[in-house]
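Hi,

Here is the structure I promised to pass on. Have a look at it first, and then read on for what I found when I went through it.

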Amino acid sequence: MIVVVEYFGASVMTRITLILCLIVGGLPSGVSAQDSGLSKLGQQCLAIDRDKDAAWRTVDWQTDLIAAQRMAVEQQKPLFIWAMDGHPLGCT
Amino acid sequence: MSVSLDQWYTRRQQDTEGEFWRKIAAQGPRKEAGQTQQGLYLVGVDGQLLAYTNNRGPERVRGLLEQAARDYAHPVDAKPLERQSTDAKYQVALPEGAVVVRVQARVDGGYTPTDDRWESLFQSAVSRDNLWITAEEQGALAQGTVPEALAVRILRFHLVDNTRGEPPVWSREEIREWSLTIENGKLVGSAHLETEDGSRGYQATLQGELAFGQDQQLQQCHIWVEGQFWGSGPFTRNPPPGKFPLVIAFRLADGSEPADSLAPHGSRGWLPGYLRP
């Protein structure tokens, strides 16, 4: 069972996601059966990314404000802008 | 339409995107372009600010989005913006032939247990940054040599604790000892990074597996770093007490995530300083 609790933004820059994992046996957390062909080291590197299925990662985030405005005009939608010091998607 | 951006860049850009951003931010509580304008903005396509919050609670964010769905009236004369100019100073592009490697870090224990909701989130966070490896460096790696610029780039900018916010990177002087070599096709190494006053440091080992295509382009990259970290920076406060285990994983990006296209944190403001540290 994997429980994902999401946290959006803070006064600092990193987008943080909390994942509580209760894994009973099987592959390391975050490693799917198709990834199991990887070496142990490869699986280890893959498994650190525990929040692959987090809801925020299903959002089609745009990273170019002008391109997003053009898409918003076409789709007749407002813009929801997540602006931080450091990029919200990482690379803070 | 959801947009995420680093307003450190946007508020400085002297171009179409920067102008549009400043128009939006000037309507919010953080009008001064010289200071942070971070937050969550709900904006019409004409740049009219509809709502703003910098509250961290998901309830507030959900309320903002529900308000948009309820109240938004799309301007009948809305026009798509034309990009008239691009400020080259803030356009950090991946060098031709370079590859992107995802870098993720996690504190693997040592925190004082907490009942605080927010603190517990930080304690279990996994960070994300990108490492750029140039075409020339891939060629050297394929020949069994780790270029010093690449090694120092990894040490200075990527062996950091960025799990609680924007981290301080290491200066060259803070690299006390290091080794990074390729032996029998495997990457092996160690690092001792420490500030002059000893208040922050990281002692770690590195191991990795690399694979290349016929053109010597990196096709597989797995690097695992583990060691003891101590201390924090102005934006990474409340680390575990004393020394604590920090693990960092590197793996090749496949372009499937929006974050794969972002410039590395260490390149902010000066890409040459990142590529040739």
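To start you off: how many bridges join β4(B) to β5(B), and do the two run parallel or antiparallel? There are five bridges, and the strands run antiparallel. One thing to keep in mind throughout is that this is a predicted model.

**The two chains**

Chain A has 92 residues, and 42% of them are buried. Its secondary structure amounts to two helices and three strands, which follow the order β-β-α-α-β from the N terminus. If you take the contacts in chain A with a separation of 6 or more, 40% of them are between residues 24 or more positions apart.

Chain B has 277 residues, with 39% buried. You will find seven helices and ten strands in chain B, and its C-alpha atoms fill a box of roughly 65 × 50 × 30 Å along the principal axes. For contacts in chain B between residues at least 6 apart in sequence, 56% join residues at least 24 apart.

**The sheet in chain B**

Seven strands of chain B make an open sheet, in the order β5-β4-β10-β9-β8-β7-β6, with antiparallel pairing. At the edges sit β5 (129–133) and β6 (175–183) of chain B, each of which pairs on one side only. From one strand to the next, the twist averages 15°.

At one edge, β6(B) pairs with β7 (residues 186–194) of chain B over eight bridges, in the antiparallel sense. If you want a spot to zoom in on there, Ile182(B) stands opposite Leu187(B) in β7(B).

The other edge strand is the one I opened with. Although β5(B) pairs on one side only, five of its five residues are buried. Asp129(B), Leu131(B) and Ile133(B) point one way, while Asn130(B) and Trp132(B) point the other way. That fits the usual picture: in a regular strand, side chains alternate between the two faces of the sheet. Across from Asp129(B) in β5(B) stands Val103(B).

**Helices lying on the sheet**

Two helices are worth a look here, one from each chain. Helix α6 (residues 148–158) of chain B lies across β4 (99–107), β5, β6, β7 and β10 of chain B, at about 130° to β6(B). Eight of the eleven residues of α6(B) are buried, so this helix is largely enclosed by the rest of the structure. Those buried residues include two arginines by name, Arg153(B) and Arg156(B), along with Leu150(B), Ile154(B) and Phe157(B).

The other helix comes from chain A: α1(A) lies across β8, β9 and β10 of chain B and runs at about 65° to β9(B). Within α1 (residues 40–47) of chain A, the buried residues are Gly42(A), Gln44(A), Cys45(A) and Leu46(A). Part of their cover comes from the partner chain, including β8 (201–212), β9 (218–230) and β10 (244–252) of chain B.

**Where the chains meet**

The contact between the chains takes 67 residues from chain B and 52 residues from chain A. On the chain B side, that divides into 34 nonpolar, 21 polar and twelve charged residues.

The chains also share strand pairing. Strand β3 (residues 79–84) of chain A and strand β1 (residues 2–6) of chain B pair in the parallel sense over five bridges. Within that pairing, Ile81(A) has Val3(B) as its bridge partner.

**The cores**

The largest nonpolar core has 47 residues, and Val101(B), Leu159(B) and Phe250(B) have the most contacts inside it. At least two residues each come from α1 of chain A and from β4, β5, α6, β7, β8, β9 and β10 of chain B. The biggest contribution is from β9(B), with seven residues.

Which residues does Phe250(B) touch, leaving aside its neighbours within four places in sequence? The list is Cys45(A), Val101(B), Val103(B), Leu131(B), Cys221(B), His222(B) and Ile223(B). Cys45(A) is also one of the buried residues of α1(A).

There is a second, separate core of 23 residues, and Leu79(A), Ile81(A), Trp21(B) and Val43(B) are among them. Ile81(A) is the residue that bridges to Val3(B).

Cheers

How values were computed. Residues numbered from 1 in each chain as written. Chains lettered and ligands numbered in written order. Predicted model: local features only at pLDDT ≥ 70, side-chain atom pairs only at ≥ 80, totals over all residues. Buried ≥ 20, exposed ≤ 12 C-beta atoms within 10 Å, placed from the backbone. Helix = DSSP H or I, 4+ residues; strand = E, 2+ residues; numbered from the N terminus. Contact = placed C-beta atoms within 7 Å. Pairing = 2+ DSSP bridges. Axes fitted to C-alpha atoms, helices over the stretch in contact; angles between N-to-C directions. Nonpolar A, V, L, I, M, F, W, Y, C, P; charged D, E, K, R; others polar. Core = buried A, V, L, I, M, F, W, Y, C linked by C-beta atoms within 7 Å.
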